[in-house]
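Hi,

Here's the structure I said I'd pass along. Have a look when you get a minute, and my notes are underneath.

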Amino acid sequence: EGITEFNIGILGGENAQDRLTSYSCLQTYAEEELGVPVKLFAPADYDGVIQGLLGGTLDMAWLGASGYAKVYLTDPDAVTPVLVKANLDGSYVYYSIGMARKDSGIESLEDARGKVFGFGDPNSTSGYLIPSVEIPKLLGMPMEEFFGEVKFTGGHEQTIVAVANGDIDAGVTWADGQGAWEDGYNSGALRKAVDAGLVDMNDMVEIWKSKPIPEGPVVLRNDLPEDIKTRMTALVEGLKARDAECAYGVAAGDTAGFVPITHDYYESIIEVRRQKSN
Amino acid sequence: MSTTLTPAAAAPADPALRARVHGAMTRRRRLALALPVLLLAYLAYVFVAFDVAGIASRARPENAATLLNDFWSHKTHVTRDNRSDTLQVAIEGENKGTYPDGQTPAWVHTGPTSDGPTADGTTAGGETVIDLPDGSRITYGRDISALIERPDFGTIRVARVGRDITLELPPGAALPDWISASARRVNVTGPGWRFSMTNARTETFRYAPGWELFFFTLESPFAGRSLPDLVALALWEPRLDPARPNLAGMADDFWNNRMWRHGDVVWALGETVLMAFLGTMGAGLIALPLAFLAASNFAPARLIRLALRRMFDFFRGVDGLIWTVILSRAFGPGPMTGALAILMTDTGTFGKTFSEALENIDTRQVEGVGATGANALQRARFGVMPQVAPVILSQLLYYLESNTRSATVIGALVGGGIGLLLTQAINTQKDWEEVCYYIVLIVGMVMAMDSLSGWLRRRFIKG
Amino acid sequence: MVDAPASLHAPADYAALMRRKRLYSGVIVVIFVALMASGFRLADARNAGGFIDGIGHVFDFPAEILSEALRDWRNLPGFLLEFLPSLIETLNIAAVSTLFGTLAAGVMALFSTRGLALWPRLVPVVRRAMDVMRAIPEIVVALVLIYLLGTGPVPAMIAITLHSTGALGKLFSEAAENADLKPAEGLASTGASWLQRMWFGIVPQVAPNWSSYALLRFEINIRASAILGFVGSGGIGYDLKTALQWGQGKYDEVVAIFVLLFLTISIVDALSDRARARLVRGGQPA
Amino acid sequence: MELHVRKVSKVFGTKAAVDNVSFSLREGGFVGVIGRSGAGKSTLLRMLNRLTDASSGQILVDGTDILALSGRAKRDWQSRCAMVFQQFNLVPRLDVTANVLHGLLGRRATLPTLLNLWSGADIDRALSILERLGIAHEATKRAEDLSGGQQQRVAIARALMQDPALILADEPIASLDPMNAQIVMDTLKRIQTEDGRMVIANLHTLDTARRYCDRVIGMRDGRVVFDGTPEQLTLGVARDIYGADATFSESATSTDIGALSTDRDYAAAMLDD
Amino acid sequence: MELHVRKVSKVFGTKAAVDNVSFSLREGGFVGVIGRSGAGKSTLLRMLNRLTDASSGQILVDGTDILALSGRAKRDWQSRCAMVFQQFNLVPRLDVTANVLHGLLGRRATLPTLLNLWSGADIDRALSILERLGIAHEATKRAEDLSGGQQQRVAIARALMQDPALILADEPIASLDPMNAQIVMDTLKRIQTEDGRMVIANLHTLDTARRYCDRVIGMRDGRVVFDGTPEQLTLGVARDIYGADATFSESATSTDIGALSTDRDYAAAMLDD
Ligand SMILES: Nc1ncnc2c1ncn2[C@@H]1O[C@H](COP(=O)(O)OP(=O)(O)OP(=O)(O)O)[C@@H](O)[C@H]1O
Ligand SMILES: Nc1ncnc2c1ncn2[C@@H]1O[C@H](COP(=O)(O)OP(=O)(O)OP(=O)(O)O)[C@@H](O)[C@H]1O
Ligand SMILES: [Mg+2]
Ligand SMILES: [Mg+2]
């Protein structure tokens with residue numbers, strides 16, 4: 001049994017239209033490959049894509065690790081992770097980075113006691129989930145007690161801007177952990193903010209760095225016919241070789257390409273998330 | 001002038017009356033004073049609860065300046081990659097605004113071919129000279145260094161030495177507050193420009209008024225031409241691109257402008273209106289028959305009426321935005337989901353208002369029609385509909401306008417419409433000129449819907 | 001809708017008139033149906049999930065939420081209490097912006113009503129200003145203000161106030177247009193100033209209508225302030241969004257917040273319905 | 001047409017609005033029903049037209065008990081028994097001709113009427129009736145744009161459109177000024193005499209009853225207390241009908257009875273100056 | 001007080017509602033302005049009170065051209081020149097005392113008046129004026145709950161509260177029944193004679209003008225066509241003012257002139273029954 005159309009969800013974060021534009025090459029290739037219309041969707045928050053996957057209206061998406069965990073916990077049979085983006089050095093991890101303004105005098109998490117601490121989107125792996133588990137372990141007490149106030153800014157960009165502006169005293173965002181702090185590392189939200197002129201890295205200090213976090217997986221809906229799954233996986237896996245510029249756009253930066261991955265890789269994140277639920 | 005005055009303000013004869021009137025007046029006076037006092041007390045409470053005092057410290061007037069500035073201006077990035085030693089000039093630093101190889105704005109002088117003057121009179125190969133609006137000039141040297149000449153300050157030299165960035169000020173000068181320097185990075189800010197150097201790159205931003213590339217992006221042959229020039233091109237000049245007439249080319253390049261994406265924006269506006277239209281009208285179509293069942297004078301049973309009423313209250317009480325979230329599981333992202341969310345809330349609203357309109361009808365007309373032996377359908381058609389139609393129509397049109405506004409917000413959640421473009425542009429906090437563009441379009445769209453619905457109302461209800 | 005001759009020369013004229021009317025209505029119906037049908041198809045095509053496929057699953061998500069909440073029903077009372085402060089913040093935002101909006105709208109309405117305006121030349125200017133205030137979605141103002149003022153209830157309050165002013169101003173001015181000018185004229189003849197004329201001559205007349213509109217606005221503003229919370233500006237909407245986005249494991253919170261919000265809206269709705277009915281019917285004691 | 005009202009009652013809650021009323025009308029004619037406010041006049045007429053259901057009794061029309069009819073048969077009776085109301089009860093937003101055509105609703109197939117599909121002959125008839133009543137020139141105006149007197153004539157035209165054997169008129173002139181009142185009453189009278197249709201009219205003032213009726217039925221508290229010719233309406237009878245507290249308006253000179261009016265009239269007169 | 005109206009005109013569009021009117025009033029007294037509807041009576045009074053701006057001319061009051069005043073000075077004049085309207089123009093939802101106190105609005109600071117902060121002495125004065133006019137017992141009722149005659153007396157009380165040199169009354173009894181009309185006119189007359197205030201009243205009927213005025217000004221088409229004592233008002237003069245087509249009402253018996261009424265009265269009489 002075939003399919004009549006193929007829908008790809010794209011996560012939020014930057015200019016919606018730009019995202020659609022960077023994916024349009026993938027759309028063309030997928031249409032060639034599958035012979036059905038391929039549509040792109042870019043809702044403003046993570047949840048839109050997650051609901052689409054759960055409801056079976058989206059067939060493929062590149063999720064954050066935590067987003068995948070949410071899908072899995074809600075319905076283990078909904079999607080399967082197939083690929084993950086590899087960094088230039090072949091690794092596929094990134095880090096949650098704690099930061100503060102240099103002039104705030106905060107140089108480590110300890111210094112942030114009683115201060116306002118900001119997270120991004122509650123569904124974000126690096127922006128909330130990982131730090132919310134690792135930080136209390138490090139501090140030995142719940143964050144709500146240690147910090148004066150814990151806030152959600154809504155996203156990585158907002159957190160960075162809020163810290164830079166002094167709205168919040170410290171916050172977390174993500175980076176690949178490669179390259180120099182002064183450049184905002186090689187890639188990630190910080191680097192984007194630096195490039196956009198939103199922050200001056202001279203004014204910022206790193207106060208914390210998480211353990212490595214696996215990159216979010218590209219997932220496919222389980223109900224898809226096997227052969228469609230294989231073909232789409234192959235398409236994305238071979239994207240870098242076929243069209244490096246397209247791969248750059250889809251991966252939102254330099255990449256060594258997409259490499260296969262399995263569900264097991266995310267077990268720990270799922271466990272973390274399970275703990276955080278009521 | 002009359003000299004006779006009203007009898008002196010003698011107390012009126014009846015003391016009881018006088019006491020009553022004075023009493024009433026005193027009560028009114030107390031009320032008149034108590035209300036403002038209560039109001040002030042509440043506002044004082046809110047002042048504290050909202051931490052309004054704290055706003056003063058949190059408010060960022062400089063952001064307002066950035067925002068106002070960005071609303072009507074743009075910046076051009078002149079970036080040298082310190083590793084690959086390549087130069088890129090890009091508007092807003094975006095790929096889409098990058099000048100093609102060998103092309104630069106008039107105020108950037110590059111390479112040996114450039115005859116722009118430099119500090120030593122000529123532009124050596126590999127050097128880049130940037131003229132800035134305040135008369136300052138920045139020269140990117142061949143080695144990884146830059147000279148910044150500020151007329152009122154002197155020459156500043158920034159260079160990469162090993163892994164460090166060094167700063168040399170003019171002799172005797174103290175570090176001014178517009179320079180921020182560390183071993184890793186140097187920032188210099190001037191009026192209308194900004195400079196920075198890190199290990200990886202040397203970069204200058206130059207600000208200029210206007211929405212750059214609003215009409216044509218750089219790859220279009222029409223970019224940067226004056227209006228008379230364009231008119232001439234459109235009307236009689238030979239084709240710039242032999243494959244297409246100039247006018248068509250202009251339209252095409254404008255519509256597909258990669259920077260501003262006018263075509264996509266127009267579609268987004270259309271999609272927003274589509275959601276509002278489908279949602280409102282669909283709700284009207286569903287609510288009308290239900291309203292009959294929920295109106296006390298038409299309801300077949302009290303139970304049905306009460307059940308429907310509660311249902312309307314529920315549908316109305318849940319905002320469209322929440323319906324969007326609830327429906328996104330079943331329908332996924334897209335305009336249909338947004339339209340259905342509007343439909344859900346408005347079915348509740350219309351169910352309530354329509355049934356109220358039905359309850360308020362003038363029964364005489366129905367009776368008049370009924371007395372001729374008309375059956376139920378005929379009574380409804382001629383006795384009821386002419387009365388409720390204007391109410392229904394004006395409600396529909398009113399909500400069509402107000403839903404256009406809601407649809408911008410709902411659109412963001414379902415990944416469609418102008419609202420998605422707008423909220424994302426605001427959240428990334430850099431494309432303020434686009435934010436401004438979208439706001440103008442949204443206000444225009446809502447006001448257009450407002451006029452349209454007003455016009456239709458006048459035409460169909462009064463006429 | 002169709003211009004008709006003042007009198008008919010022959011019955012055929014009337015039949016022709018009827019036919020023309022029918023034709024017009026027919027054309028309008030056809031246009032409407034065509035718009036609806038093509039709009040529906042377009043939206044359906046642009047949607048990830050089709051209407052037909054989705055309609056059967058509308059209750060999947062609510063069912064998921066409810067079943068979890070039912071399982072963990074014991075948590076509910078605690079959550080109700082936990083989110084009460086947020087609810088109060090939401091209510092305060094709504095109340096203050098309704099208050100300011102009403103005051104500003106009252107002033108703008110008097111300035112923009114022909115026959116009452118202190119400076120008649122400004123009438124069109126004030127009207128345009130109100131149109132613009134009404135047209136800008138609250139969320140836009142709120143998001144921009146968050147950028148300027150930081151997060152918190154104040155941006156939401158200002159955004160809702162602006163919109164309320166525009167929306168109420170228009171309604172207020174319509175009510176003021178219908179006011180009887182005689183009392184104001186009587187006051188003018190005694191040498192009363194513009195402010196006194198408005199306060200004693202016009203405001204008492206329009207007060208029932210105005211307060212009824214303001215009550216309705218309060219209701220709308222509660223919803224608006226909850227929704228602004230949804231996009232990141234404090235209050236209970238923010239809690240709702242956070243819980244809803246987390247998803248599984250916090251659905252009990254979702255239900256608690258939802259119940260709180262829904263109850264509040266229903267109560268305010270019912271109270272204001274009653275109050276408005278009384279206001280408009282008049283019959284206030286002296 | 002023969003009409004026998006037999007022991008008809010209507011009870012609202014515990015109150016008998018019409019109480020065991022009986023009378024018979026054998027030939028055509030202009031019948032006036034008089035009585036003070038609340039006497040049950042409107043209720044009686046509404047039962048005749050089946051707008052209100054009677055509590056008990058029979059109304060035989062040519063041998064058929066019309067109170068027992070229902071559905072199609074009831075609507076058939078209604079279409080034969082036209083009703084004219086005090087407030088005209090037209091559809092104000094529709095034009096005059098459309099309102100007159102409504103008189104045929106009970107006689108034509110439902111679907112075409114819903115779509116406003118009337119035959120040319122029907123339209124012709126509507127217009128000729130309007131012409132007869134002298135308002136054909138307003139045929140395309142909206143009903144609400146007409147004066148009260150004109151609206152009432154449109155209502156009568158709608159009634160005539162029904163080609164009824166019986167026309168009921170419930171205080172047809174109570175909302176009209178004297179000049180229009182006269183035009184409307186003259187019209188009704190003309191229809192009754194020229195077409196030979198029976199007219200039963202609730203009337204407000206004795207004056208009018210005396211001037212237009214062949215027969216007068218007086219009601220009080222739901223019961224018939226007088227039934228006879230206008231000439232038999234003496235001052236004593238009038239007091240029976242209107243109660244001993246009825247007053248005379250002061251300008252009265254012509255005749256004692258004509259000037260007799262109810263409290264309501266007196267109050268109305270006091271308010272005008 | 002001396003009042004000189006000099007060549008005052010008011011043009012609405014192209015129509016001159018008041019056309020080059022001049023007259024002088026030197027001593028106090030009761031001045032009646034008569035003329036048919038549209039003659040310009042109201043416009044004249046409204047210009048005197050500055051409710052309407054004149055197009056040209058001067059009105060000198062003790063040497064000051066009140067037409068040239070503006071802002072504070074204009075309101076000062078208005079507070080010295082009270083106006084009584086045909087429709088009373090009270091604030092219906094406020095009580096009687098509050099309405100009377102409004103007479104002081106032009107004299108007191110704005111803020112306290114807005115908060116209803118009146119001094120005890122002001123309230124006492126309002127009450128004693130109400131007492132003088134015989135309606136003190138209604139002092140706490142809402143204005144809208146009073147009869148027309150009572151409302152007009154409240155309006156006069158508000159006027160007296162202004163302690164005005166000049167009282168203007170624009171058809172003060174046109175909305176009242178004869179009995180109330182008499183009470184109101186008597187009140188105005190009494191104020192004029194007892195307090196020595198000047199009263200200028202637009203009057204509806206010759207009757208009233210003859211009965212109350214010391215001097216009568218007749219207007220037609222915006223111009224003054226008569227200025228003299230009531231005794232000089234002959235039938236011929238009345239025809240000048242009201243036009244040759246003026247009719248007599250039929251009940252007229254007392255005097256020819258008294259019964260003369262304008263078309264409007266005639267029409268009004270026809271409408272009542
Ligand atoms: N629908 C109703 N429900 C309850 N009582 C009613 C209803 N209709 C009429 N009545 C009562 O029945 C009595 C007779 O009313 P009806 O209208 O027949 O009097 P009427 O003679 O027509 O008076 P009027 O001159 O005021 O029209 C009145 O007491 C009235 O209050
Ligand atoms: N605001 C206005 N705009 C235009 N025309 C006006 C205005 N006020 C009065 N008029 C015209 O000026 C003329 C004089 O009007 P005015 O009201 O002064 O007459 P009047 O003598 O008081 O009549 P009435 O007895 O009807 O009150 C009339 O023709 C009237 O139509
Ligand atoms: Mg009746
Ligand atoms: Mg007048």
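What follows is a run through the surroundings of the two ligands.

Bear in mind that this is a predicted model.

Ligand 1 first. Its neighbours on chain D are F12(D), K15(D), A17(D), R36(D), S37(D), G38(D), A39(D), G40(D), K41(D), S42(D), T43(D) and E171(D). By class, that shell holds 3 nonpolar, 5 polar and 4 charged residues. As for polar contacts, an oxygen atom of ligand 1 sits 2.5 Å from an N or O atom in the side chain of T43(D). E171(D) has a polar side-chain atom 3.0 Å from an oxygen atom of ligand 1, and a polar backbone atom of A39(D) is 3.1 Å from a ligand oxygen. On its own ligand 1 has 630 Å² of accessible area, and the protein covers 61% of that. Strand 2 (15-25) and helix 1 (41-48) of chain D each give two or more residues to the shell, with helix 1 giving the most, 3 residues.

Now ligand 2, over on chain E. It is surrounded by 13 residues, the closest being K15(E), S37(E), G38(E), S42(E) and T43(E). The shell splits into 3 nonpolar, 5 polar and 5 charged residues. The side chain of S42(E) puts an N or O atom 2.5 Å from an oxygen atom of ligand 2. For K15(E), the side-chain N or O atom is 3.2 Å from a ligand oxygen, and a polar backbone atom of A39(E) is 3.2 Å from one. Taken alone, ligand 2 exposes 630 Å², of which the protein buries 61%. In chain E, helix 1 supplies the largest share of the shell, 3 residues.

Cheers

Notes
Residues are numbered from 1 along each chain as its sequence is written. Chains are lettered from A and ligands numbered from 1 in the order in which they are written. This is a predicted model: local features need pLDDT of at least 70, side-chain atom pairs count only at pLDDT 80 or more; totals for chains, interfaces and linings use all residues. Side-chain values use heavy atoms; hydrogens and water are left out. A residue is near a molecule or strand if one of its heavy atoms lies within 4 Å of it. A polar contact is a pair of N or O atoms within 3.5 Å; within protein, one must be able to donate a hydrogen and the other to accept it, and residues adjacent in sequence count only if both atoms are side-chain atoms. Accessible areas come from the Shrake-Rupley method with a 1.4 Å probe; for residues, only the protein chains shown count as cover. Helices (H or I, at least four residues) and strands (E, at least two) are DSSP runs, numbered from the N terminus. Ala, Val, Leu, Ile, Met, Phe, Trp, Tyr, Cys and Pro count as nonpolar, Asp, Glu, Lys and Arg as charged, and the others, Gly among them, as polar.
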